[in-house]
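Open the model in your viewer and set up residue selection by chain. The stops below go one selection at a time, each with a note on what is there.

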Amino acid sequence: MMQLTLGQENAQGGWLSQFDPRLRLIAALLFALAVVSLQRLPLLLTALLLALLLAWRVGLSGPLLRKRLLAMEGFMIVLLVMLPFSVPGESWLTLGPFSASFEGLQRALEIVLRANAVVILLMALIGTLEPVVLGHALGQLRLPQKLIHLFLFTVRYIGVLFDEYQTLRLAMRARAFVAGSNRHTWRSLGWLLGMLLVRSLERSRRILAAMKCRGFSGRFYLVNPNVWRHRDTLGLFAAGGIAAILLLLEQTL
Amino acid sequence: MAIRRLDFDRIPQAAVLSAAFFIASLVSVPVGPSSVHLILNGLMGLILGWAAVPAILVALLMQAVFFGYGGLLVLGVNTLNIALPALLCAGLLGPALRRSSGRASLAWGAASGALGVVLTGTLVSLSLGLSSSDYLPAAKVVLATYAPLMVAEAAVTGFTLAFLLKVAPELITLQE
């Protein structure tokens with residue numbers, strides 16, 4: 001099975017799981033919106049530290065976090081290199097005809113801090129949720145029913161199809177397939193994807209038939225134990241408060 | 001709007017296919033010295049039709065939440081950037097592909113793979129450039145990195161579609 005969630009087993013009984021998943025979604029959205037509108041470096045740094053603190057509290061391990069973040073940093077490095085040269089302002093470093101400006105450097109740092117803060121926050125608050133729980137929470141927040149259905153079904157079958165993919169890949173390896181940059185590789189991978197699609201279509205027919213057998217009428221009733229408690233209201237106020245303080249500081253400083 | 005076109009009856013099918021595309025985008029394809037992950041939006045458009053839009057939205061949501069790519073706030077823009085080319089591929093190249101056979105279907109398939117990537121790259125650069133002119137140079141670099149992706153995407157999509165037309169033509173003509 002493929003591991004989708006970030007949470008380790010021991011994090012399940014953690015402090016955050018006492019709250020309603022809906023609260024975590026709303027809080028994440030509030031924070032993300034607040035952080036995106038921040039412009040001052042000290043405040044952005046604070047937001048990043050807050051996010052890291054939260055990630056540490058919910059038990060996200062360092063190496064895992066770093067691996068996930070590295071995927072994003074590629075684009076961030078491009079920005080960090082390009083922006084100082086493209087934003088006009090006081091010169092800071094000169095390389096031949098190009099000169100880097102302080103303003104540009106500041107902009108680049110701003111963006112890198114902001115993006116990292118938001119991503120770490122999302123991983124800590126939402127990435128640790130079980131996909132099914134997340135689907136239910138989204139459903140309770142009145143997102144379109146069909147979208148939720150699609151989400152839940154997709155989550156369910158990613159694991160199954162990943163196994164299927166691994167089987168096909170194993171068969172290729174047994175025939176000494178090594179990926180290279182050539183026509184043979186591309187054709188083989190194309191056929192691999194084609195086969196994966198054919199098999200998933202067949203599987204989806206079987207699934208629909210099986211579901212009709214069990215009286216599927218086109219609706220999937222969400223049975224969820226999520227109950228909004230006083231604690232969640234308090235949490236929402238706390239999250240909103242922190243977001244508001246950050247925004248207020250941004251305005252007044 | 002695209003969601004409304006999806007019947008409840010077809011949800012399992014769309015979901016299984018979008019799970020398949022999610023898996024497929026994890027495959028890394030070597031191009032020259034580096035390797036890329038495919039977007040496959042051309043292929044998705046051709047197979048799923050309108051259902052590609054919610055499928056892409058769901059796939060992006062899962063990537064944003066579970067892998068931390070992208071992000072929640074740009075989800076709308078990203079979905080548009082990837083889904084619009086998918087729909088265009090389906091509309092422009094779909095009919096020709098379905099009529100073709102043999103070598104020609106390989107070429108049409110490759111064209112749809114390339115078109116999907118080129119359009120997405122352009123839209124991404126445009127949305128970067130429009131949000132602030134300071135991002136323009138970075139947007140150009142992003143566009144350049146799409147070139148190897150285009151090669152791989154065109155090759156793999158071409159072979160996939162040629163294969164599907166031979167083995168399971170009903171998958172591509174699902175829409176009618």
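Select A:Ala176, just after helix 6 of chain A: its phi is positive, about 60 degrees. The model is a predicted one, and this angle is a computed value for a residue that is not a glycine. Most residues other than glycine have a negative phi. A:Ala176 sits in the loop that runs between helix 6 and helix 7 (183-213) of chain A. Is A:Ala176 buried or exposed? It has 6 C-beta neighbours inside 10 Å, and a residue with 12 or fewer is classed as exposed, so A:Ala176 is exposed.

**Helix 6 of chain A**

Step back into the helix and select residues 145-174 of chain A, which form helix 6. What span should its 30 residues have at 1.5 Å a residue? The expected value is 44 Å, and the C-alpha atoms at the two ends are 44 Å apart, so the two agree. Now center on A:Ile158, where helix 6 of chain A bends by about 30 degrees. A:Ile158 is also one of the buried residues of this helix. The others include A:Ile148, A:His149, A:Leu150, A:Phe151, A:Leu152 and A:Phe153, with A:Leu161 and A:Tyr165 further along.

**Chain A as a whole**

Color chain A by secondary structure. It has eight helices and two strands, in the order α-α-α-β-β-α-α-α-α-α along the sequence. Of its 253 residues, 32% are buried. Contacts between residues at least 6 apart in sequence join residues at least 24 apart in 76% of cases.

For one pair that is distant in sequence, select A:Leu249, in helix 8 (residues 230-252) of chain A, together with A:Leu43. The two are 206 residues apart along the chain, and their C-alpha atoms are separated by 7.9 Å. A:Leu249 has 14 other C-beta atoms within 10 Å and is therefore partly exposed.

Next, color by confidence. The mean pLDDT of chain A is 74, with 73% of the residues scoring at least 70. Select residues 6-13 of chain A: pLDDT stays under 50 there, and the model has 13 contacts beyond four places in sequence for this stretch.

**Chain B as a whole**

Switch to chain B. Its secondary structure consists of seven helices and two strands, and the pattern along the sequence is α-β-β-α-α-α-α-α-α. Buried residues account for 55% of the 176 residues. Among contacts in chain B with a separation of 6 or more, 67% are between residues 24 or more positions apart. The mean pLDDT is 74 in chain B, and 75% of the residues reach 70 or more. For the complex, the predictor gives an ipTM of 0.77 and a pTM of 0.73.

**Helix 2 of chain B**

Select residues 41-48 of chain B, which make up helix 2. How many of its eight residues are buried? The count is eight of eight, from B:Asn41 and B:Gly42 through B:Leu43, B:Met44, B:Gly45, B:Leu46 and B:Ile47 to B:Leu48. Just after helix 2, B:Gly49 has a positive phi of about 65 degrees.

From here, select B:Ala52. Leaving out residues up to four places away in sequence, B:Ala52 touches B:Met44 and B:Gly45, along with B:Ala83, B:Ala86 and B:Leu87.

**The largest nonpolar core**

B:Met44 and B:Ala52 lead on to the largest nonpolar core, which has 112 residues. Which members touch the most other members? They are A:Ala117 and A:Leu121 from chain A, and B:Ala20, B:Met44, B:Ala52, B:Ala55 and B:Ile56 from chain B. Helix 6 (residues 136-167) of chain B gives the largest share of this core, 13 residues. To place the core in chain A, color domain 1 (9-129 + 227-252) and domain 2 (137-213) separately: both give residues to the core, so it lies between them. In soluble globular proteins, nonpolar side chains tend to be buried together.

**Last stop: helix 5 of chain B**

Select B:Thr122, in helix 5 (residues 103-131) of chain B. With 15 other C-beta atoms within 10 Å, B:Thr122 is partly exposed. Add B:Leu61, which is 61 residues away along the chain: the C-alpha atoms of B:Thr122 and B:Leu61 are separated by 22 Å.

Terms used
Residues numbered from 1 in each chain as written. Chains lettered and ligands numbered in written order. Predicted model: local features only at pLDDT ≥ 70, side-chain atom pairs only at ≥ 80, totals over all residues. Helix = DSSP H or I, 4+ residues; strand = E, 2+ residues; numbered from the N terminus. Buried ≥ 20, exposed ≤ 12 C-beta atoms within 10 Å, placed from the backbone. Contact = placed C-beta atoms within 7 Å. Core = buried A, V, L, I, M, F, W, Y, C linked by C-beta atoms within 7 Å. Domains from an automatic or database assignment. Expected span 1.5 Å × (residues − 1). Bend = angle between axes of the 7 residues up to and from the residue. pLDDT = per-residue confidence, 0-100.
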